[in-house]
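This report is written to be read beside the sequence and the coordinates. It moves from loop residues to a central topic of strand pairing and then to helix packing.

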Amino acid sequence: MLLRHKAIRLGYLLLTFDDGPGRRLTPVILQLLAEYKVKATFFLLGGNITGREEIVRQIAAQGHEICSHGYDHLNYWYVSPIRALCDIKRGWQSIDDALNEKRKKYPFRPPYGKLNLVCMIYLIVRRVPIIYWSIVSGDAWPSSKIDSQRAGLLTEKAGGGIVLFHDFDRSDDSVDGQVVASIRSVLEVAENAGMNFATISELLKARGQN
Ligand SMILES: [Zn+2]
């Protein structure tokens, strides 16, 4: 059973953040999550970690889960398998360096959701969970297209799942407010409905009747 189906079946809600850390946005999101006492999962982009190691440590220190989204945000369908594999490993290495870990295999979310066969086999053999999503918040769309209520409405309808947000810094900082409002819409819906929040590891460990 795919993990996102498991989340929906067990009624778990997972907030996931891709492409960060962002210098501006990630600390704001951490504060928001603390306000609601919710733990989330961050799929960090190695290329965004340099100079922001402290933010990575802060994410971990606040009890959130750290996963990987590769290093360069490559579309693995359009680069050679070797280049894609190197990108996966470099992404892990950047997280290791920031957290002072060694050769950890962080659960992986492919950029654009695109994985080639070589990488897929590699990750499966290494028993690295490959994580997708079930609810697109739309927070990375052009600002005129962002609907801050969308994620909340979709979460309410689905009753659980894996919500995709992005915590990289937008070039236009006025978008930050829209992103935060979008996250808040989900937090409010979940709180009102009494949904159970989980991180990726918690969902992987959760046992459900199939
Ligand atoms: Zn991404």
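Asn 100 counts as exposed because 8 C-beta neighbours lie inside 10 Å, where a residue is called exposed if 12 or fewer other C-beta atoms lie within 10 Å of its own, buried if 20 or more do, and partly exposed in between, with C-beta atoms placed from the backbone. This residue lies in the loop between α4 and α5, and its phi is near 60°, a positive value in a residue other than glycine. The model is a predicted one, in which local features need pLDDT of at least 70 and side-chain atom pairs count only at pLDDT 80 or more, while totals for chains, interfaces and linings use all residues. Residues are numbered from 1 along each chain as its sequence is written.

Lys 37 is likewise a residue other than glycine with a positive phi, near 55°, and it is found in the loop between α2 and β2. Lys 37 is exposed, with 9 other C-beta atoms within 10 Å. In the loop between β1 and α2 is Pro 21, which is joined to Gly 20 by a cis peptide bond with omega about 0°.

The elements named here are DSSP runs numbered from the N terminus, helices being H or I runs of at least four residues and strands E runs of at least two. Strand β1 (residues 12–18) is largely enclosed by the rest of the structure, because seven of its seven residues are buried. In a regular strand the side chains alternate between the two faces of the sheet. In β1, Tyr 12, Leu 14, Thr 16 and Asp 18 point one way, whereas Leu 13, Leu 15 and Phe 17 point the other way, and all are buried.

Which strands are joined to β1 by bridges, and how many bridges join each? Strands pair if DSSP finds at least two bridges between them, and the table lists the partners of β1 with one facing residue pair for each.

| Partner of β1 | Bridges | Direction | A facing pair |
|---|---|---|---|
| β2 (residues 41–44) | three | parallel | Phe 17 and Phe 42 |
| β5 (residues 161–166) | six | parallel | Leu 14 and Ile 162 |
| β6 (residues 196–197) | two | parallel | Tyr 12 and Asn 196 |

Two packed helices are described by the angle between their axes and the distance between the axes. Axes are lines fitted to C-alpha atoms, for helices over the stretch in contact, and angles run from 0 to 180 degrees between N-to-C directions. Helix α4 (residues 81–99) and helix α5 (residues 117–125) have axes that come within 8 Å and cross at roughly 40°. These two helices are therefore oblique to each other, since angles under 35 degrees count as roughly parallel, over 145 as roughly antiparallel, 65 to 115 as roughly perpendicular and the rest as oblique. The contact (C-beta atoms, placed from the backbone, within 7 Å) is made by Pro 81, Ala 84, Leu 85 and Ile 88 of α4 with Val 118, Cys 119 and Tyr 122 of α5.

For helix α2 (residues 25–35) and helix α7 (residues 176–193), the axes come within 11 Å and cross at roughly 25°, and α2 and α7 are therefore roughly parallel to each other. Leu 25, Val 28, Ile 29 and Leu 32 of α2 make the contact with Asp 176, Val 179, Val 180, Ile 183 and Arg 184 of α7.

Methods: Contact = placed C-beta atoms within 7 Å.
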